[in-house]
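Let's work through a few exercises together, each with a task and a solution that goes step by step. Keep the viewer open as you read.

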Amino acid sequence: MKKVIAILVVVLGFAFNANAQEVKTVSLEQTKGEFTQKQITLSAGTYIFEVSNNNVGTDVGFVLQPKGKSGQKNHIKEAYVTSLVKNNTKQTSNKVTLKKGEYTYFCPLNKTPEYTLIVE
């Protein structure tokens, strides 16, 4: 009986852990000089950013940083796309765990403004 309970506890622990680490995808689209999503609100958690280049005419990227902190040293490097997003293609970032707070996102290659991402 103790063995059955121990196995049940281990199985439930793995199931709970898998659910707790659910990764969600945030899709973003860039057109010439801007993102089509002007502000994003998310819950705290782990995300992958999928960035689409919709006929920008040049390669694009993605930068995420805490609001009020600029400069490359403050970029959340895991949020960078894994390679530049070629014209009319998509690319994803690595997993990024976001805590409650405000962030900004932009693309220096496409010269977009900084947009707000809020994590509740």
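**Exercise 1. Follow the pairing from S5 through S8 to S9.**

Step 1. S5 and S8 are antiparallel partners, joined by four bridges; two strands pair if DSSP finds at least two bridges between them. Strands here are DSSP runs of E with at least two residues, helices are runs of H or I with at least four, and both are numbered from the N terminus. Before going on, note that this is a predicted model, in which local features need pLDDT of at least 70 and side-chain atom pairs count only at pLDDT 80 or more, while totals for chains, interfaces and linings use all residues. Residues are numbered from 1 along each chain as its sequence is written, and side-chain values use heavy atoms, with hydrogens and water left out.

Step 2. Pick out a bridge: Leu64 has Tyr105 in S8 as its bridge partner.

Step 3. Move on to S8 and S9, which run antiparallel and are joined by five bridges. Thr104 is bridged to Thr116 of S9, and Gly101 to Val119 of S9.

Step 4. Put the strands in order. The open sheet has four strands, S3-S9-S8-S5, with mixed pairing. Why is one side of S3 and of S5 left without a neighbour in the sheet? S3 and S5 (63-66) stand at the edges and each has a single partner strand, so one side of each stays free of a neighbour there. On average, neighbouring strands of this sheet are turned by 25° against each other, direction ignored (axes are lines fitted to C-alpha atoms, for helices over the stretch in contact, and angles run from 0 to 180 degrees between N-to-C directions).

Step 5. Place this in the whole chain, which has one helix and nine strands. Read from the N terminus, the elements run α-β-β-β-β-β-β-β-β-β.

**Exercise 2. Find the centre of the largest nonpolar core and describe the surroundings of Leu64.**

Step 1. Fix the terms. A nonpolar core is a set of buried Ala, Val, Leu, Ile, Met, Phe, Trp, Tyr and Cys residues joined through side-chain atoms within 4.5 Å. Buried means under 20% relative accessible area, exposed over 50%, and partly exposed in between, with a 1.4 Å probe and protein chains only.

Step 2. Apply them. Of the 120 residues of the chain, 33% count as buried. The largest nonpolar core has 24 residues, and those touching the most other members are Leu28, Phe49, Phe62, Leu64, Leu98, Tyr105 and Leu117. Several strands each supply at least two residues of this core, among them S1 (23-31), S4 (45-53) and S9 (115-119).

Step 3. Zoom in on Leu64. Beyond its neighbours within four places in sequence, Leu64 is in contact (heavy atoms within 4.5 Å) with residues including Phe49, Ile76, Leu98, Tyr105 and Leu117.

**Exercise 3. Analyse the aromatic pair of Phe35 and Phe62.**

Step 1. State the rule: rings of Phe, Tyr and Trp (its six-membered ring) pair if their centres lie within 6.5 Å; planes under 30 degrees apart count as stacked, over 60 as edge-to-face and the rest as tilted. The count by this rule is six aromatic pairs.

Step 2. Classify the pair. Phe35 and Phe62 are edge-to-face, at 6.2 Å centre to centre with 75° between the planes. Phe35 lies in S2 (residues 34-35) and Phe62 in the loop between S4 and S5, 27 residues apart.

Step 3. Check burial. Phe35 has a relative accessible area of 0% and is buried; Phe62, at 2%, is also buried.

Step 4. Widen the view: ring pairs link Phe35, Phe49, Phe62, Tyr105 and Tyr115 into a cluster.

**Exercise 4. Locate the salt bridges and state how exposed their residues are.**

Step 1. Take the criterion: a side-chain nitrogen of Lys or Arg within 4 Å of a carboxyl oxygen of Asp or Glu. This gives three salt bridges.

Step 2. Glu34 and Lys38 meet at 2.8 Å, N to O. Glu34 is partly exposed at 32%, and Lys38 is partly exposed at 41%.

Step 3. Asp59 and Lys86 form a salt bridge at 3.3 Å, N to O. Asp59 is partly exposed at 23%, as is Lys86 at 47%.

Step 4. Glu102 and Lys67 form a salt bridge at 3.3 Å, N to O. This pair links Glu102 in S8 with Lys67 in the loop between S5 and S6, 35 residues apart.
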